[in-house]
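The following note is offered to a colleague who is meeting this structure for the first time. Its points are numbered and may be read alongside the sequence and the model.

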Amino acid sequence: AGGPPLVVTIEPSMGFGTGHHESTRLCLAALQRIPPAGRSVVDVGTGSGVLAIAAAQLGAAHALGVDDDRDALDSAVANVALNAVPGERVGMRQANLLAEALPVCDVVLGNLTGALLRRAAATLITAIAPGGWLVVSGFTEDERLAVEHAFAPLAVTSAESEHGWLAL
């Protein structure tokens, strides 16, 4: 929406993708529609850190990437540095999504599997600040009803798909 395109550089790793997966692209598109400028963002299952980095580049006041995989977090921290995002704008934290509360944020991104989204729904819902946004992706059309049911207290305001993958 005006201005030059933003570029996020990601060093490929064995533990996760490079940000080219459909679910990641769907989350990036949703993030741009929100938009995150001036807001707090938590990227759950951050992997490479691409969504947290993109949120910061789009003007988020602070973005936190959360993952339970230490190797993924080490790579995410390296990717933050690779993109020259100021450290106070993007942080990374190791956490077990099913055992620990998330910080309450304006924008909650959950690019996980359908099964993990269903199990973590309550944790993700309680992390949404009043008037905030939740974006979930990483599941396919055949998982949609089960994922929507898990997040039943919330209303779906937008659903996008790419090659059978969905983001709500």
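1. Ala55 has a relative accessibility of 0%, under the 20% cut-off, and therefore counts as buried. The model is a predicted one, and the remarks in this note should be read accordingly. Ala55 belongs to helix 2. Leaving aside residues up to four places away in sequence, Ala55 touches Leu31, Pro36, Val41, Ala60 and Ala63. Between the C-alpha atoms of Ala55 and Ala159 there is a separation of 20 Å, the two residues being 104 residues apart along the chain.

2. The setting of Ala55 extends to its helix. Helix 2 covers residues 50–57 and is mostly covered, with seven of its eight residues buried. The buried residues are Val50, Leu51, Ala52, Ile53, Ala54, Ala55 and Ala56. They pack against helix 1 (22–33), helix 3 (70–82), strand 1 (40–44), strand 2, strand 3 (90–94) and strand 4 (105–111). After helix 2 comes Gly59, which has a positive phi, near 100°.

3. The sheet deserves a separate point. It is open and consists of seven strands in the order 3-2-1-4-5-7-6, with mixed pairing. Strand 3 and strand 6 (160–162) are at the edges and have a single partner strand each, so one side of each lacks a neighbour in the sheet. On average, neighbouring strands of this sheet are turned by 15° against each other, with direction ignored. Helix 3 packs on the sheet, where it touches strand 2 and strand 3; the direction of helix 3 makes about 170° with that of strand 3.

4. Strand 4 may be considered next. Six of the seven residues of strand 4 are buried, and the strand is thus described as mostly covered. Strand 1 and strand 4 run parallel and are joined by four bridges. Val42 stands opposite Val108 of strand 4. Strand 4 also pairs with strand 5 (residues 128–140), in the parallel sense and over six bridges. Leu109 has Val135 of strand 5 as its bridge partner, and Cys105 stands opposite Ile128, likewise in strand 5.

5. Which side chain of opposite charge is nearest to Asp67? It is that of Arg70, at 9.5 Å; Asp67 is buried and has no salt bridge. Asp67 is part of strand 2 (residues 62–67). A polar atom of the Asp67 side chain lies 3.0 Å from the backbone nitrogen of Asp69, and a polar atom of that side chain lies 3.4 Å from the backbone nitrogen of Thr46. Not counting residues up to four places away in sequence, Asp67 touches Gly45, Thr46, Gly47, Ala72, Leu73, Arg93, Gln94 and Ala95.

6. Is Glu141 buried or partly exposed? With a relative accessibility of 47%, Glu141 counts as partly exposed, because that class lies between 20% and 50%. Glu141 is located in the loop between strand 5 and helix 5 (144–150). Its contacts, residues up to four places away in sequence not being counted, are Gly164 and Leu166. The C-alpha atoms of Glu141 and Leu98 are separated by 24 Å, and these residues are 43 residues apart along the chain.

Conventions: Residues numbered from 1 in each chain as written. Predicted model: local features only at pLDDT ≥ 70, side-chain atom pairs only at ≥ 80, totals over all residues. Heavy atoms only, no water. Helix = DSSP H or I, 4+ residues; strand = E, 2+ residues; numbered from the N terminus. Buried < 20%, exposed > 50% of the residue type's maximum accessible area, 1.4 Å probe, protein only. Lys, Arg positive; Asp, Glu negative; His and termini not counted. Salt bridge = Lys/Arg side-chain N within 4 Å of Asp/Glu carboxyl O. Polar contact = N/O pair within 3.5 Å; in protein donor to acceptor, adjacent residues only side chain to side chain. Contact = heavy atoms within 4.5 Å. Pairing = 2+ DSSP bridges. Axes fitted to C-alpha atoms, helices over the stretch in contact; angles between N-to-C directions.
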